[in-house]
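Subject: Structure handover

Hello,

The structure we spoke about is below, and my notes follow it. Please read them with the coordinates open.

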Amino acid sequence: MAQKLQAPRGTQDVLPDQSVPRLALERLARSVLEGAGYRRIETPTFEATELFARGVGTSTDIVQKEMYTLEDRGGRSITLRPEGTAPVARAYLEHGMHKLPQPVKLWYLSSFYRNERPQQGRYKQFWQIGAEAIGSAEPAVDAELIVLLHTILTEFEVADLHLRLGSLGTPETRAVYREKLVAYLRANEDRLSEEVRSRIDLNPLRAFDSDHPGTREVMAGAPLLMDELDAGDQEHFDEVRALLDIAGVSYDLDPTLVRGLDYYARTVFEFTSGALGAQSAVGGGGRYDGLMEQLGGPATPGSGWAAGIERIVLSAGHRPEPGPVLDLYVALDAGDAQGDDARAVRVTAFQLAARAREAGLNSQLELAGRSLKGQLKQAARAGARYVAVVRPGEIGLKDMESGEQRPVAGGVDAVIHDVLRGRGPVVL
Ligand code: HAM
């Protein structure tokens, strides 16, 4: 026998039971975001590799080691999207969205691909809900985005939720700070991990992320970017904080919050859940005022976030939700009938299920050739309100609540009529 195949490591099937909470989350996110004026956008699953090299940054882990990159016909390098902000920014520029009223508020729900080492909550293919507001530098944009994500996560009952907030300042502030930090790291080089040491010049800020004990000790005394913000950055950050206070969203200031993408400037944030293991970030984002220029567009401010669907569902526990009500289960009982008579039963049953759907009822047709007893059992399992039993020349209707059974004169339409009436008046 041929060997059974499995889904690649780090990927997951979403089985029907698992799709229930995901769908609930999608509905919630949609209603929160569209209610605030965000409109859905879809970008392609793959993009020119250069988009991520320029947008996400060549010094990031994502671009250095996690991208799925391949050659298209004609030798063009393409990459499965590892994140959604650079693609949305590209779409904004490509479609001249600067002509629309600003900021342009967009949201997405898409799959993303990163070649990371898989573990609980970390996959090679995962899904994000994301929101991007492009075209405004207002601190209110950042605060509002954070409040919207907070609303989604709390309404979905993500357990033990925390918000970390920081500001990275503008690129100029960061350049000055960077030199200061590099000098500090060089002065303490012998206590740093090999990896951090090798990246001092490339990405010194990432040293704050290290869990190497020596590096952590050194970083505890390191200069902090948040102490170096210029007056404009400070004012912007103070306003974001004041608006979050007004909205009643609490947060911890985290001067060492470093996000793994290069496009951030000023506000950065991350929501974590204590219910998750090592991969505790459920969502994060920030402001990316320099990104559009990196992508060859005019200077255009932007801000946004993305949240991992798998992690949200994991951290919120199981959320049982009733499935759709099954109004009618169509069973067949051909008895001793053969040939055309047996076929007539199958055709009537098929028609009844289809016509019931046309009439707005949820109906299921027996498809497995079970005995009548087996069919009634299956109907009960499926939660059917009524079961129609189609026999040669006759249809019977069983009310599964009262147990009452009776023949229905008048064929398929009469059965549908009775089921509709049994549903009671429609409440609008
Ligand atoms: P990110 O922090 O890389 O940001 O990802 C956002 C969220 O996606 C994470 O908090 C996590 O929940 C989920 N996530 C990331 N990688 C994985 C993975 N391998 N497996 C499962 N879940 C994962 C961004 O992607 C930015 N584009 C966010 C943003 C939007 N910033 C501004 N606008």
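Helix 4 (residues 85–94) lies across strand 5 and strand 6, at about 45° to strand 6. Helices here are DSSP runs of H or I with at least four residues and strands are runs of E with at least two, both numbered from the N terminus. Lying across implies contact, meaning heavy atoms within 4.5 Å. Axes are lines fitted to C-alpha atoms, for helices over the stretch in contact, and angles run from 0 to 180 degrees between N-to-C directions.

This is a predicted model, in which local features need pLDDT of at least 70 and side-chain atom pairs count only at pLDDT 80 or more, while totals for chains, interfaces and linings use all residues. Residues are numbered from 1 along each chain as its sequence is written, and side-chain values use heavy atoms, with hydrogens and water left out.

The eight-stranded sheet

Strand 5 and strand 6 belong to an open sheet of eight strands, ordered 1-5-6-11-10-9-7-8, with mixed pairing. Two strands pair if DSSP finds at least two bridges between them. At the edges are strand 1 (39–40) and strand 8 (252–253), each of which pairs on one side only. Strand 10 (residues 281–287) and strand 11 (residues 302–308) run antiparallel and are joined by five bridges. Gly285 has Trp305 of strand 11 opposite.

Helix 1 (residues 16–35) also lies on this sheet, across strand 1, strand 5 (104–113), strand 6 (125–134) and strand 11, and runs at about 5° to strand 6. Within helix 1, Glu34 and Arg30 form a salt bridge, with their closest N and O atoms 3.4 Å apart. A salt bridge is a side-chain nitrogen of Lys or Arg within 4 Å of a carboxyl oxygen of Asp or Glu. Glu34 and Arg30 are about one helical turn apart because four residues separate their positions in helix 1. By the same cut-off, the count comes to 31 salt bridges.

The five-stranded sheet

A second set of strands, five in number, forms an open sheet in the order 13-12-14-15-16, again with mixed pairing. Its edge strands, strand 13 (363–365) and strand 16 (405–408), pair on one side only. From one strand to the next the twist averages 25°. Strand 15 (residues 394–399) is antiparallel to strand 16 and joined to it by four bridges, and Leu397 stands opposite Arg406 in strand 16. Helix 14 lies across strand 12 (326–332), strand 14 (384–391), strand 15 and strand 16, at about 10° to strand 15.

Helix pairs

Helix 14 (residues 411–422) also meets helix 12 (residues 339–358): their axes come within 10 Å and cross at roughly 40°. That angle makes helix 12 oblique to helix 14; under 35 degrees counts as roughly parallel, over 145 as roughly antiparallel, 65 to 115 as roughly perpendicular and the rest as oblique. The crossing of helix 12 and helix 14 is right-handed, meaning that the near helix is turned clockwise from the far one by less than a right angle. Thr348, Leu352, Arg355 and Ala356 of helix 12 make the contact with Val412, Asp413, Val415 and Ile416 of helix 14. Five of these residues are nonpolar, one is polar and two are charged. For these classes, Ala, Val, Leu, Ile, Met, Phe, Trp, Tyr, Cys and Pro count as nonpolar, Asp, Glu, Lys and Arg as charged, and the others, Gly among them, as polar.

Helix 5 (residues 139–155) and helix 9 (residues 231–247) pack at about 40°, with their axes 8 Å apart. Helix 5 and helix 9 are therefore oblique to each other, and their crossing is right-handed. Helix 5 contributes Pro139, Ala140, Asp142, Ala143, Ile146 and Val147, which meet His236, Glu239, Val240, Leu243, Leu244 and Ala247 of helix 9. By class, this contact has nine nonpolar residues, one polar and two charged.

Backbone points to check

Most residues other than glycine have a negative phi, and most peptide bonds are trans. Glu157, which is not a glycine, has a positive phi of about 65° and sits in the loop between helix 5 and strand 7 (161–167). The peptide bond joining Gln102 and Pro103 is cis, with omega about -5°. Pro103 is in the loop between helix 4 and strand 5.

Regards
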